[in-house]
Amino acid sequence: MAITMTTAAVNHISQQIANRGKGVGIRLGVKTTGCSGLAYVLEFVDDAAPEDKLFEQGGVQLYVDPKSLVYLDGTELDFVKEGLNEGFKFNNPNVKGECGCGESFSI
């Protein structure tokens, strides 16, 4: 199982952790919500949980809990700027459908 990050995502995460002044990385997970069932969750990690799976790229540590990993396997985390908008984009090959507003997805 693997999760990757683009150079843009690595650079953005590195900058955010540096601006925060503490933390060992970020955690990517999923939660049940929205009209399609699942939504992505990103949070800073100060102390990794022993059960977390670690993916490291470009010096950035990305942690995923075991329950979320089955939904995220093969995902590429990207950071994109489109006009005035910017944010993370999840290129997840497991997604079968998304809600109209783009906030949630189904597997």
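1. Long-range contacts. In this predicted model, residues 24 or more positions apart account for 50% of the contacts in the protein with a separation of 6 or more. The points below go through the elements, the core and the charged side chains with that figure as the starting point.

2. Overall make-up. The protein has two helices and nine strands. Read from the N terminus, the order of elements is β-α-β-β-β-β-α-β-β-β-β. The protein has 107 residues, of which 33% count as buried.

3. The nonpolar core. The largest nonpolar core holds 17 residues, and the members that touch the most others are I3, M5, I13, L62 and V64. At least two core residues come from each of α1 (7–20), β2 (25–33), β5 (60–64), α2 (66–72) and β6 (76–82). Helix α1 gives the largest share, four residues.

4. Helix α1. The 14 residues of α1 should span 20 Å at 1.5 Å a residue, and the C-alpha atoms at its ends are 20 Å apart, so the expected and modelled values agree. Buried positions in α1 are A9, V10, H12, I13 and I17. Directly after the helix, G21 has a positive phi of about 85°.

5. I13. This residue is buried in α1 and is among the core members that touch the most others. Once neighbours within four places in sequence are set aside, I13 is in contact with M5, I26, V60, L77 and F88. M5, in that list, is likewise one of the core members with the most contacts to other members.

6. L77. This residue sits in strand β6. Its relative accessibility is 0%, so L77 counts as buried. Not counting residues up to four places away in sequence, L77 touches T4, M5, T6, A9, I13, I26, F88, K89 and F90. For F90, which is 13 residues from L77 along the chain, the C-alpha to C-alpha separation is 5.0 Å. The contact with I13 appears in the lists of both residues.

7. D78, a buried acid without a salt bridge. D78 is also part of strand β6. Which side chain of opposite charge is nearest to D78? It is K89, 6.1 Å away, and D78 is buried with no salt bridge. A salt bridge requires the side-chain nitrogen to be within 4 Å of a carboxyl oxygen, and the K89 separation of 6.1 Å does not meet that. The side chain of D78 does have a polar contact of 2.6 Å with the side chain of T6. Beyond four places in sequence, the contacts of D78 are T6, A8, A9, G87, F88, K89 and N91. K89 is therefore in contact with D78 under the 4.5 Å heavy-atom rule, although the two form no salt bridge.

8. Salt bridges, and the R20 pair. Side chains of opposite charge can pair when their charged atoms come close. The model has four salt bridges. One of them joins D46 and R20, with the closest N and O atoms 2.7 Å apart. This pair links distant parts of the chain, since D46 is in the loop between β3 (37–45) and β4 (53–57) while R20 is in helix α1, 26 residues apart. D46 counts as partly exposed at 34% relative accessibility, and R20 is partly exposed as well, at 32%.

9. The R27 network. R27, E43 and D52 are linked in a network of salt bridges. R27 meets E43 at 3.2 Å, N to O, which connects strand β2 to strand β3 across 16 residues. R27 also meets D52 at 2.5 Å, N to O. Because R27 lies in strand β2 and D52 in the loop between β3 and β4, this second pair ties together parts that are 25 residues apart in sequence.

10. Burial within the network. Is E43 buried or partly exposed? With 40% relative accessibility, E43 counts as partly exposed. R27 is buried, having a relative accessible area of 16%, and D52 is buried too. The R27 and D52 salt bridge thus joins two buried residues, because both fall under the 20% cut-off for relative accessible area.

Note on methods. Residues are numbered from 1 along each chain as its sequence is written. This is a predicted model: local features need pLDDT of at least 70, side-chain atom pairs count only at pLDDT 80 or more; totals for chains, interfaces and linings use all residues. Side-chain values use heavy atoms; hydrogens and water are left out. A nonpolar core is a set of buried Ala, Val, Leu, Ile, Met, Phe, Trp, Tyr and Cys residues joined through side-chain atoms within 4.5 Å. Buried means under 20% relative accessible area, exposed over 50%, partly exposed in between (1.4 Å probe, protein chains only). Lys and Arg count as positive and Asp and Glu as negative; His and the chain ends are not counted. A polar contact is a pair of N or O atoms within 3.5 Å; within protein, one must be able to donate a hydrogen and the other to accept it, and residues adjacent in sequence count only if both atoms are side-chain atoms. The expected span of a helix is 1.5 Å times one less than its number of residues.
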